[in-house]
Amino acid sequence: MSSSPLEPAAPVPPDAFGLYVHVPYCARACPYCDFDFRVDPRPDGGALLEALRREVLGRDDARLGQSPYTIYVGGGTPSVLSAEDLGALLAWISSTWSARACAEWTVECNPEHIDPARLESLQRAGVHRISLGVQSLDPVGLRQLGRAHDPDQACEAVEAAQRLGLAVSVDLIVGWPGQTTEGLRAELQRVMSLGASHVSIYALTIEPGTPWERLAERGVRRLPQVDDAADALECCAAVLGGAGFVHYEVASYARGPAYAVHNTGYWLGRDYVGVGPSAASAQHRGDGVARRANPRGADWWAGEGASVEVLDSESAAREALWLSLRLLEGVEIDGFLRRVHRDRAWLDARTARARARGNITLDGGRMRVAAGRWMHHDDIAADVL
Ligand code: SF4
């Protein structure tokens, strides 16, 4: 599939794919978020497991009977499930898809849920890694972002998971109104002092129709500013890069080889199959890609059908180019063109505008986002798609 140096030493099987399982509950609603979730601090995990089983049994998809290369359990907030329900869900995943043997199994968790019982459920099932929604280590930031934990709780969660041998990826949101560069540096220093092997950094964006947007319309709350976000992202790149983290993807930093294998599969164009409400799937069919989107929320619970579209060869190639350019290593041109069944003239034409703007460079058979231009990834997307 790929000659990416991000791939592990062991060869990746040519038919490798990722499995995504969506847990659609959160204890509370963060004011900026429009993901597919229900607010329920004590969700019925047994009902969710039954519904997921029904979906898997009822779907005519050969992938669901095969062993995935990577597994990612996301949400929502999977860790809002009780330790018992979380354990039952993970045991089902483990027995259905030989999860212990996959290259990477990640579960999203929130710091306030990291307790001995849930950690035991994760460990017993054989989960390798958690993606922890720390978001900020500043009490002002956490309050604005509507999070339930405090900075110390987040740090204790990272340390407790690592003590049990779980790899930890820390999610941070930057660019919230009032965040200072000094404050952000202090947050990053504290994250690094915990020994987390992976950090994902997102600039705060307020989705339409969210509580934050309504508060901003009434003048009660400020919207994040694009310039502040750009400064914050530059600060993260300088601090984490200076400490030896490799900035390998637009939003991702890894210490040593601890890159996110599942997510890297998306960027390299690997197939994936998703189960649960709003879960997406994409599978190559000839030169094109068949995409499926599960219904959101109540429609999924009611057993409504998924929407399916087939990207033709040209659309699939453009999307593959855009996704590959999320990786800071860029695109190995000859291999990429073989993969998407296109020629050099196609690539030159597709990237002409982004190159003219100085956002993309060519260097030693690779095409990549130019140094210092990765914050312009949205512009690059608009130019190449
Ligand atoms: S940001 Fe995460 S925890 Fe907050 S509401 Fe959205 S899905 Fe739930």
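**Exercise 1. Classify His341 by its relative accessible area of 48%: buried, partly exposed or exposed?**

Step 1. Recall the cut-offs: buried is under 20%, exposed is over 50%, and partly exposed lies in between.
Step 2. His341 has a relative accessible area of 48%, so it is partly exposed. The model is a predicted one.
Step 3. Place the residue. His341 sits in the loop between helix H12 (333-340) and helix H13 (344-356).
Step 4. Check the backbone. Phi of His341 is about 60°, a positive value, although the residue is not a glycine.

**Exercise 2. Find the places where the backbone departs from the usual pattern, and say where each lies.**

Step 1. Start from the expectation. Most residues other than glycine have a negative phi, and most peptide bonds are trans.
Step 2. Look at Gln135. Its phi is near 65°, which is positive in a residue other than glycine.
Step 3. Locate Gln135. This residue belongs to strand S6. With a relative accessible area of 8%, Gln135 is buried.
Step 4. Turn to the peptide bonds. The bond from Gly75 to Gly76 is cis, with omega near 25°.
Step 5. Locate Gly76. It is in the loop between strand S4 (70-75) and H2.

**Exercise 3. Describe the surroundings of strand S7 (residues 167-174).**

Step 1. Count the burial. Seven of the eight residues of S7 are buried, so the strand is largely enclosed by the rest of the structure.
Step 2. Take one neighbour. Strand S6 (residues 129-135) pairs with S7 in the parallel sense, over five bridges. Gln135 has Leu172 of S7 as its bridge partner.
Step 3. Take another neighbour. Strand S8 (residues 198-203) is also parallel to S7, and the two pair over six bridges. Here Asp171 has Ser200 of S8 as its bridge partner.
Step 4. Add the connection. S7, helix H6 (residues 181-193) and S8 make up a β-α-β unit, and the unit is right-handed.

**Exercise 4. Which residues is Arg129 in contact with, beyond four places in sequence?**

Step 1. Place the residue. Arg129 is part of strand S6.
Step 2. Judge its exposure. Relative accessibility is 7%, so Arg129 counts as buried.
Step 3. List the contacts. They are Glu104, Trp105, Thr106, Val107, Leu166, Ala167, Ser169, His198 and Ala260.

**Exercise 5. Characterise the nonpolar cores, then examine Leu122 and Ala99.**

Step 1. Begin with the largest core. It holds 84 residues, and Ile93, Trp105, Leu122 and Ile201 touch the most other members.
Step 2. Ask where its members come from. Domain 1 (17-265) and domain 2 (328-385) each contribute at least three residues.
Step 3. Separate the other core. Eleven residues make up a core apart from this one, among them Ala260, Val261, Trp267 and Leu268.
Step 4. Zoom in on Leu122. Leaving out residues up to four places away in sequence, Leu122 touches Leu86, Leu90, Val107, Cys109, Val127, Ile130 and Leu166.
Step 5. Compare a loop residue. Ala99 lies in the loop between helix H2 (83-97) and strand S5 (104-109). Its relative accessible area is 0%, so Ala99 is buried.
Step 6. List its contacts under the sequence limit of four places. Ala99 touches Ile71, Ile93, Ser94, Trp105 and His128.
Step 7. Add a distance. Ala99 and Leu347 are 248 residues apart along the chain, and 38 Å separates their C-alpha atoms.

**Exercise 6. How many residues of domain 1 are in contact with domain 2, and which three supply 67% of the area that domain 1 buries there?**

Step 1. Set the bounds. The domain assignment gives domain 1 (17-265) and domain 2 (328-385).
Step 2. Separate the centres. The C-alpha centres of the two domains are 29 Å apart.
Step 3. Count the contacts. Nine residues of domain 1 meet five residues of domain 2.
Step 4. Give the area. About 570 Å² is buried between the domains, and carbon and sulfur atoms give 80% of this.
Step 5. Name the contributors. Leu233, His247 and Val250 supply 67% of the area domain 1 buries against domain 2, more than any other three residues.

**Exercise 7. What is the strand order of the three-stranded open sheet, and which strands form its edges?**

Step 1. Read the order. The strands run S15-S17-S16, with antiparallel pairing.
Step 2. Find the edges. Strand S15 (331-332) and strand S16 (360-363) each pair on one side only.
Step 3. Check one pairing. S15 and strand S17 (residues 366-369) are antiparallel, with two bridges. Val331 stands opposite Met367 in S17.

Terms used
Residues numbered from 1 in each chain as written. Predicted model: local features only at pLDDT ≥ 70, side-chain atom pairs only at ≥ 80, totals over all residues. Heavy atoms only, no water. Core = buried A, V, L, I, M, F, W, Y, C linked by side-chain atoms within 4.5 Å. Buried < 20%, exposed > 50% of the residue type's maximum accessible area, 1.4 Å probe, protein only. Domains from an automatic or database assignment. Contact = heavy atoms within 4.5 Å. Helix = DSSP H or I, 4+ residues; strand = E, 2+ residues; numbered from the N terminus. Pairing = 2+ DSSP bridges. Right-handed = clockwise from strand over helix to strand, strands pointing away. Buried area = accessible area lost by both parts, 1.4 Å probe.
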